[in-house]
Amino acid sequence: GSLQSGDTVTIRWSDTNSGTAAATGGWNDRIRVVNTTTGATLLDVPLFQATTVAAGAALLREYSFILPDGDAGTGTLSIEVTADSGNAIFESNVAGTGETNNVASITATSALAPYPDLRVTGLAVVQGSLQSGDTVTIRWSDTNSGTAAATGGWNDRIRVVNTTTGA
């Protein structure tokens with residue numbers, strides 16, 4: 001499906017041993033996700049792996065993370081996985097690319113998810129004129145101009161300032 005800000009993203013890949021000997025010991029795969037629209041790095045994590053992978057075999061891997069809410073989680077995402085990112089395993093092949101063929105990358109697009117957007121509308125003081133010591137009635141409406149329902153509770157804050165004295 002299509003990605004939206006705030007979504008959980010699962011990245012799946014295989015560490016494939018194209019060599020002629022088993023990969024033993026441990027190594028780190030590195031996952032890096034950059035929002036190329038904003039320039040922000042959203043994820044940069046090493047994932048340790050200590051399973052032996054026989055010659056010609058593959059090890060399935062996956063990692064999940066949550067995109068940021070709002071604009072930070074929208075745009076073009078560059079997703080890069082590097083197997084054996086620290087070169088802990090000596091690798092060699094006939095083409096001479098054993099240590100340089102460890103990176104795979106894809107791009108994905110994330111759209112803005114629906115969110116509520118609460119605004120104060122119709123703000124009014126009921127009394128025509130005010131005097132010190134009067135009880136004041138203030139009315140307003142909370143209007144959701146967003147693209148999703150506002151669920152759960154929220155608080156409105158009322159701040160009254162005497163613009164003559166600043167108090």
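Val136 is partly exposed, with a relative accessible area of 39%; on this scale buried means under 20%, exposed means over 50%, and partly exposed is what falls in between, using a 1.4 Å probe and protein chains only. The model here is predicted, so local features need pLDDT of at least 70 and side-chain atom pairs count only at pLDDT 80 or more, while totals for chains, interfaces and linings use all residues. Residues are numbered from 1 along each chain as its sequence is written, and side-chain values use heavy atoms, with hydrogens and water left out.

Back to Val136: it sits in the loop between β8 (118-125) and β9 (138-144). Strands here are DSSP runs of E with at least two residues, and helices are runs of H or I with at least four, numbered from the N terminus. Together with Val125 and Leu130, Val136 makes up a nonpolar surface patch with about 240 Å² of accessible area. Patch members have over 30% relative accessible area and no salt bridge; nonpolar side chains (Val, Leu, Ile, Met, Phe, Trp, Tyr) are joined within 5 Å, like charges within 9 Å. The areas come from the Shrake-Rupley method with a 1.4 Å probe, and for residues only the protein chains shown count as cover.

**The sheet**

Now for the strands. Five of them form an open sheet with mixed pairing, in the order β1-β7-β6-β3-β4. At the edges are β1 (3-4) and β4 (40-49), each pairing on one side only. Pairing, by the way, takes at least two DSSP bridges between two strands. Inside that order, β3 (residues 27-35) and β6 (residues 75-82) run antiparallel to one another over six bridges. Look there for Ile31, which stands opposite Val81 in β6.

**Salt bridges**

How many salt bridges does the structure hold? There are five, counting a side-chain nitrogen of Lys or Arg within 4 Å of a carboxyl oxygen of Asp or Glu. As background, side chains of opposite charge can pair when their charged atoms come close. Here are some of the pairs:

| Salt bridge | N to O distance |
|---|---|
| Asp15 and Arg61 | 3.6 Å |
| Asp29 and Arg61 | 2.9 Å |
| Asp44 and Arg30 | 2.8 Å |

Take the Asp44 and Arg30 pair, which meets at 2.8 Å. It links distant parts of the chain, with Asp44 in strand β4 and Arg30 in strand β3, 14 residues apart. Both ends get some solvent: Asp44 counts as partly exposed at 39% relative accessibility, and Arg30 is partly exposed at 30%.

The other two pairs share a residue, and Asp15, Asp29 and Arg61 are linked in a network of salt bridges. Are these residues buried or exposed? Asp15 and Arg61 are buried, and Asp29 is buried as well.

Start with the bridge between Asp15 and Arg61. Asp15 lies in strand β2 and Arg61 in strand β5 (residues 58-66), so this pair ties together parts that are 46 residues apart in sequence. For the bridge between Asp29 and Arg61, the link runs from strand β3 to strand β5, with the two positions 32 residues apart in sequence.

**Around the two aspartates**

Asp15 belongs to strand β2 (residues 8-16) and has a relative accessible area of 7%. Its side chain makes polar contacts with the side chains of Trp13 at 3.3 Å and Trp27 at 3.2 Å. A polar contact means N or O atoms within 3.5 Å; within protein, one must be able to donate a hydrogen and the other to accept it, and residues adjacent in sequence count only if both atoms are side-chain atoms. Leaving out residues up to four places away in sequence, Asp15 also touches several others, including Val53, Ala57 and Leu59, where contact means heavy atoms within 4.5 Å.

Asp29, in strand β3, has a relative accessible area of 0%. Its side chain makes a polar contact with the side chain of Trp13 at 3.1 Å, and it also reaches the backbone nitrogen of Asp84 at 3.2 Å. Beyond four places in sequence, the residues that Asp29 touches include Val45, Pro46, Leu47 and Thr82.

**The loop between β6 and β7**

Asp84 takes us into the loop between β6 and β7 (103-111). Asp84 counts as buried at 5% relative accessibility, and its phi is near 50°, a positive value in a residue other than glycine. Asn87 lies in the loop between β6 and β7 too, with phi near 55°, again positive in a non-glycine residue. Asn87 is partly exposed, at 46% relative accessible area.
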